[in-house]
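Please examine the sequence and the three-dimensional model shown below. The explanation after it is meant to be read with both in view.

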Amino acid sequence: MSTFKLATSPTFHNLLGVNSFFLASTAWHSRPAHFRRHPISRRSLSSTSAFRDEKQHVSEQLQDSRLGSDPKSQESSKSKSDDGHDWEDTADFNISTFAELPHKTFGYNQHIKVNEDFKESLRQILWQFKAPIRYAFAYGSGVFGQKSSSSSSAPSTDLSPHPHPPKAVEEWQKGGGKIIDFIFGVTHTQHWHSLNLAQHPGHYSGLKYLPYSSAAISGIQDSFGAGVYFNPYITVNGTMIKYGVVNLSTLSSDLSAWNTLYLAGRLQKPVKILRDDPRMRLANQVNLLSALRTALLMLPEQFTERELYERIAGLSYMGDPRMNTLFSGENPNKVSNIVGAQLPGFRQLYVPLIENLPNLTFSDSRTPREEGWEKQDAIRNTGTTPTLSDVLGGSEGLTLQQDMDPIKRGNMVRRLPSAFRGKLYYKYKSQFGLPGSAFDPILEAATDEDASSGFKKRQGGEFEQRIAAQGNLSEVVGDCVRKTVAWPAAGQTIKGIFTGVLGRSWKYAREKRKKTGEVKKKVDDSKAKKAE
């Protein structure tokens, strides 16, 4: 065979390639020790989302174990300023890794315990979406039960909305089937909708037929209401769900500044986080602290846990048109029912923050002294409708006492979320009759960022202390909450008519009205029987 024919022969090149591979492989494995790296552990991954969820599952287990076995680590991680939280003054909402959080157990209180099989069923629903979901949580009565307004012990006759739910969902919702609500946090709204429209076109209303539909949908989502796009009455894995899509920047801003309180309010109550994000965990911890401080400004010196948690849970419903009896969209006893059934979950969210505020303490002699007692109490009462007689302190919880010193309460006013705090300041500017020349320096002093150092310590001055001493503070704070919630909530309700499939939206509203009517009838019947 000539040299030219040999050089152009495919067989020759195949043999040459194989020999080269084996020679290179032998040389690589025989390389000197100083060219070798430490062995790397490998695992087989079926999908990126599965890996992300598995990593989150391990993270939750580690947090639980740290809580129970490493109290010294937790205690050393608590950094108290005069208002209890130094990390707030330097919070960076642009972090990208969990290692950048203030400490290794930061935000462990946000991960509420639910049944493992039910949690896995929720995660399986997320895996049915190819579009990337960075942050996700499930919430509402489909995940955490609400105490029935009726005193009747008769079994629930609610019809399940789920066509063919997994056994774990049926078992968890044994008190009556409920639609499961989700929020999906995404990085690029238009790109996400483009991918989801291609995979799940049936999830969308007639907006999907518009030219450049993903751009139109993302524009409607970001420009109206609270920046959330809901797809209601969707069946995934045999389970009826409603999911809302929000840009992570919109969510972070609402959690930290309370622009609308629409999503921040949902995260002030127990939710099940299914995919976590360091930036959202940091922002939500700020949100929880803000909710706690706002409730304290509206409460007297002594109160019970239940009174505190009902104040917090009620914030996002103040000003919501769905709570107006003319619309009859929501159960008028909704807030009381939520806290009545979920007190252990609220306790897990807020007790670590309560214990770290210098102006608030448990005054109840029954309060445990060991670290992490609230987590163990929540785990012990895991369930959609726990029996509160078994909960420490009973249905009212433990008693608390706050320091009414105007200086400390002034610091709480100064640390309220910036957008919300601005509304409060302008309210008292009018009440105090301050001219603009006197008010502008107050606003300048209250800016969170300092040009020289990037941040400044947020301590209340004379203006904040004067606000804190006002007898009408609770009413004025409540009015500011209503003004924050009202328009975005109304915008979302109106937007739902166009973004949800009309038939689904009508069915949802009709069922809400029917349920509310039944509750009112039961209450009226109960009153009539007592009168007899």
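The following paragraphs go through two sheets, the strands within them, and two pairs of packed helices.

The model is a predicted one. A suitable starting point is an open sheet of 5 strands, which has mixed pairing and the order 3-4-2-1-5. Strand 3 (228–236) and strand 5 (272–275) stand at the edges of this sheet, and each has a single partner strand, so one side of each is left without a neighbour in the sheet. From one strand to the next, the twist averages 25°.

Strand 4 (residues 239–247) deserves a closer reading, beginning with its pairing. Strand 2 (residues 180–186) and strand 4 run parallel and are joined by 7 bridges. Two residue pairs illustrate this pairing: Phe182 stands opposite Tyr243 in strand 4, and Ile183 has Gly244 in strand 4 as its bridge partner. Strand 3 is also joined to strand 4 by 7 bridges, but these two strands run antiparallel. Here the bridge partner of Tyr229 is Val245 in strand 4. Strand 3 and strand 4 form a hairpin with 2 residues between the strands, and in this hairpin Asn237 takes a positive phi near 55°.

The surroundings of strand 4 come next. In a regular strand the side chains alternate between the two faces of the sheet. In strand 4, Thr239, Ile241, Tyr243, Val245 and Asn247 point one way, whereas Met240, Lys242, Gly244 and Val246 point the other way, and all are buried. Because 9 of the 9 residues of strand 4 are buried, the strand is largely enclosed by the rest of the structure.

Which residues does Tyr243 touch, leaving aside those up to four places away in sequence? They are Phe129, Phe182, Phe184, Trp192, Asn196, His203, Tyr229, Phe230, Asn231 and Ile234. Tyr243 is found in strand 4, and it counts as buried because its relative accessibility is 0%. The C-alpha atoms of Tyr243 and Ala136 are 9.9 Å apart in space, although the two residues are 107 residues apart in sequence.

The next topic is the first pair of helices. Helix 7 (residues 189–199) and helix 8 (residues 213–223) pack with their axes 8 Å apart, at an angle of about 130°. The two helices are therefore oblique to each other. Helix 7 passes helix 8 in a right-handed crossing. On the side of helix 7, the residues that meet helix 8 are Thr189, Gln190, His193, Ser194 and Leu197; their counterparts in helix 8 are Ser213, Ser214, Ala215, Ile217, Ser218, Gln221 and Asp222. By class, the residues of this contact divide into 3 nonpolar, 8 polar and 1 charged.

A second sheet lies later in the sequence of topics. It is an open sheet of 3 strands with antiparallel pairing and the order 6-8-7. Strand 6 and strand 7 stand at its edges, each with a single partner strand, so one side of each is left without a neighbour in the sheet. The twist of this sheet averages 30° from one strand to the next.

Strand 8 (residues 399–402) pairs with both of these edge strands. Strand 6 (residues 302–304) runs antiparallel to strand 8 and is joined to it by 3 bridges, with Thr304 opposite Thr399 in strand 8. Strand 7 (residues 360–362) also pairs with strand 8 in the antiparallel sense over 3 bridges. In strand 8, Gln402 is the bridge partner of Leu360, and Gln401 is that of Thr361. Which side chains of strand 8 are buried? Leu400 and Gln402, which point to one face, are buried, while Thr399 and Gln401 point to the other face and are not.

The last topic is the second pair of helices. The axes of helix 12 (residues 305–314) and helix 13 (residues 334–354) come within 8 Å and cross at roughly 100°. That angle makes helix 12 roughly perpendicular to helix 13. Among the residues in this contact are Leu308, Tyr309 and Ile312 of helix 12, and Val339, Leu343 and Phe346 of helix 13. Taken by class, the contact of helix 12 with helix 13 has 11 nonpolar, 3 polar and 4 charged residues.

Notes: Residues numbered from 1 in each chain as written. Predicted model: local features only at pLDDT ≥ 70, side-chain atom pairs only at ≥ 80, totals over all residues. Heavy atoms only, no water. Axes fitted to C-alpha atoms, helices over the stretch in contact; angles between N-to-C directions. Helix = DSSP H or I, 4+ residues; strand = E, 2+ residues; numbered from the N terminus. Parallel < 35°, antiparallel > 145°, perpendicular 65-115°, else oblique. Left-handed = near helix turned anticlockwise from the far one by under 90°. Contact = heavy atoms within 4.5 Å. Nonpolar A, V, L, I, M, F, W, Y, C, P; charged D, E, K, R; others polar. Pairing = 2+ DSSP bridges. Buried < 20%, exposed > 50% of the residue type's maximum accessible area, 1.4 Å probe, protein only.
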